[in-house]
Amino acid sequence: MTKSEINQINTEEVLDKYRAAGKIHQQIMKEARDKIKVGMNVYEYARFIDERIIELGGGSAFPVNISMNEEAAHDTPLFNDPRVFGEDVVKIDVGVHVDGYIADGAMTIDLSGKYDGLVKASEEGLKAAIDTVKAGVTTQAIGAAVEDTITSLGFNPVRNLMGHGLSQYTFHDEPSVPNINHPGFNTVLRVGDTIAIEPFATDGEGFVENGSIKEIYSQIKMKPTRVPFVRKVLNQIQEFNGLAFAKRWLESDKLDLAMIQLEREGIITCYPVLVEVSGGFVAQSEHTLIVTEDGCEVTTRG
Ligand code: MN
Ligand code: MN
C-alpha cells in the first residue's frame, strides 16, 4: 500500500530515520566526488560505494546508478565490469535507507571539462525547485520552476523523467514530481511529506527511452516458485524487501535463466538503462526533502 492510499503523515520518529539516511548519503557523496577519476574501473567504484553505505550503518535503497553521457539513469556496473571512466559526463545516483526510510540523491561530475553549463542547468533547476517547495504548493509549480530555469539556461528538461514521493521500503511512491509545467500534476504538498526532486537537463530533445543494458531489478509480487534453481535466486531477492537490487549482487550458476523466469512470471521487474532519444548529453541533480510549513528540510544536503 502506498503512502498516498493511506494518506499517512510521517511522525517525528520516522522523519528522524529519513534524516539519519540523509546524513549517510551526504558522506557517501562527498567520498564519491573525491574518489572518482579518469581511468578508474566503474565496478570497483560501485563496490566502494556499496560497501561504504553498509560501513556507515545504512542499507542500499537501490544499486548506485553510474550513468554516462547520453545515458540519463539506471546504468550500474555488471559483475566484473571492465569499463573505466573516460572523459565522461557521469551521473552518480545513490539511495541509502535506514529501516526502509530512504535518502535519494544524485550529482553530475563532468570529467570532460566541457559540460559545465549543462551540469549547472540541472543544479540550478534543482535549486529553483527547492526554493518553490512549501506546504500548499502543487507538484505542477515545482515542475514549472525546473522547466523555466533549465530552458532559460539554454537546455531542455527531460520531459519523461520525474521526481517522486518516498515511503518506507518504497523508492518510487506518489506523488510524481515533474520536471515540466504540466497541469496533470496537481498534488498539493503537506507538512511532513517526503519527496525526491530530480531535474535532468539535456542538450538533446528532452526525452529518454529504454536502452539495452539490464542490471537493476526489484521484486513487485510475492508468488512461490517450485523450480529449485529459481527458488534459490528468489530467496536472495526477498532479502531486499522490495527495494531495487543489482543482478551482480546475486549468486547462482543459472542466474540469467532464473532472472528471465522470474521476470516472465511477473515477480520481478527490470529498470533498463534510460538513454536520451536524440543522443543528447544529460546532467542530473537530485535531493530528498521533507516539506515544512514555510519551506523544506533537505536531508541529502549538508
Ligand atoms: Mn535517485
Ligand atoms: Mn529519485
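Colleague: Let's start with Ser67: buried or exposed, going by its relative accessible area?
Modeller: Bear in mind that this is a predicted model. Ser67 has a relative accessible area of 1%. The cut-off for burial is under 20%, so Ser67 counts as buried.

Colleague: And where in the fold is Ser67 found?
Modeller: Ser67 belongs to a strand, one that runs over residues 59-68. That strand is β1.

Colleague: Which residue has its backbone nitrogen by a polar atom of the Ser67 side chain, at 3.3 Å?
Modeller: Leaving out residues up to four places away in sequence, Ser67 touches Ala72, Ala73, His74, Asp75, Val89, Val90 and Lys91. One of these puts its backbone nitrogen 3.3 Å from a polar atom of the Ser67 side chain, and that is Asp75.

Colleague: Sticking with β1, Ile66 turns up in the largest nonpolar core; how many residues does that core have?
Modeller: Ile66 is listed with Tyr45, Ile49, Phe85, Ile92 and Val94 as having the most contacts inside this core. At least two residues each come from α2, α3, β1, β3 and β4. Beyond four places in sequence, the contacts of Ile66 include Tyr45, Phe85 and Ile92. The residue count of the core is 25.

Colleague: Apart from that one lies another core; how many residues are in it?
Modeller: Ala121, Ile130, Ile195 and Val291 are among the members of this other core. Its residue count is 23.

Colleague: On to the metals: which residue coordinates both manganese ions?
Modeller: The manganese ion (ligand 1) takes its donors from Asp93, Asp104 and Glu286, at 2.1 to 2.3 Å. For the manganese ion (ligand 2), the donors are Asp104 (OD), His164 (NE2), Glu198 (OE) and Glu286 (OE), at 2.1 to 2.2 Å. The two ions lie 3.1 Å apart, and the bridge between them is Asp104.

Colleague: How do the donors of the manganese ion (ligand 1) follow one another along the chain, in terms of spacing?
Modeller: Asp93 sits in strand β3 (residues 89-98) and Glu286 in the loop between β15 (282-284) and β16 (287-291), so this pair ties together parts 193 residues apart in sequence. Asp93 is buried, and Glu286 is too. Written out along the chain, the donor spacing is D-x10-D-x181-E.

Colleague: What about the manganese ion (ligand 2): how are its donor residues spaced in sequence?
Modeller: His164 lies in strand β6 (residues 163-167), while Glu198 is in the loop between β8 (194-197) and β9 (200-202), so that pair ties together parts 34 residues apart in sequence. His164 counts as buried at 3% relative accessibility, and Glu198 is buried at 6%. The spacing of the donor residues reads D-x59-H-x33-E-x87-E.

Colleague: Which side chain makes a polar contact with the side chain of Tyr101, at 3.4 Å?
Modeller: Tyr101 is in strand β4 and is buried, with a relative accessible area of 9%. Not counting residues up to four places away in sequence, Tyr101 touches Val14, Lys17, Tyr18, Ala21, Val96 and Gln168. The side-chain partner at 3.4 Å is Gln168.

Colleague: What kind of ring pair do Tyr18 and Tyr101 make?
Modeller: Tyr18 is in helix α2 (residues 12-35) and Tyr101 in strand β4, 83 residues apart. Their ring centres are 5.2 Å apart. With the planes at 65° and the cut-off at over 60, the pair is edge-to-face.

Colleague: Tyr43 and Phe79 pair up as well; which of the two is exposed?
Modeller: The ring centres of Tyr43 and Phe79 are 6.0 Å apart and the planes stand at 75°, so this pair is edge-to-face. Tyr43 is in helix α3 (residues 42-55), and its partner sits in the loop between β2 (71-73) and β3. Tyr43 is buried at 6%. At 56% relative accessibility, the exposed one is Phe79.

Colleague: Last one: which lysine lies over the face of Phe48?
Modeller: Two lysines come up over phenylalanine rings here. Lys254 is over the face of Phe229, at 4.7 Å from the ring centre. Over Phe48, at 4.4 Å from the ring centre, lies Lys35.

Methods
Residues are numbered from 1 along each chain as its sequence is written. Chains are lettered from A and ligands numbered from 1 in the order in which they are written. This is a predicted model: local features need pLDDT of at least 70, side-chain atom pairs count only at pLDDT 80 or more; totals for chains, interfaces and linings use all residues. Side-chain values use heavy atoms; hydrogens and water are left out. Donors are N, O and S atoms within 2.8 Å of the metal (3.2 Å for Na, K and Ca); water is not among the atoms, so sites may look incomplete. Helices (H or I, at least four residues) and strands (E, at least two) are DSSP runs, numbered from the N terminus. Buried means under 20% relative accessible area, exposed over 50%, partly exposed in between (1.4 Å probe, protein chains only). Rings of Phe, Tyr and Trp (its six-membered ring) pair if their centres lie within 6.5 Å; planes under 30 degrees apart count as stacked, over 60 as edge-to-face and the rest as tilted. A charge sits over a ring if NZ of Lys or CZ of Arg is within 6 Å of the ring centre and within 35 degrees of the ring normal. A polar contact is a pair of N or O atoms within 3.5 Å; within protein, one must be able to donate a hydrogen and the other to accept it, and residues adjacent in sequence count only if both atoms are side-chain atoms. Contact means heavy atoms within 4.5 Å. A nonpolar core is a set of buried Ala, Val, Leu, Ile, Met, Phe, Trp, Tyr and Cys residues joined through side-chain atoms within 4.5 Å.
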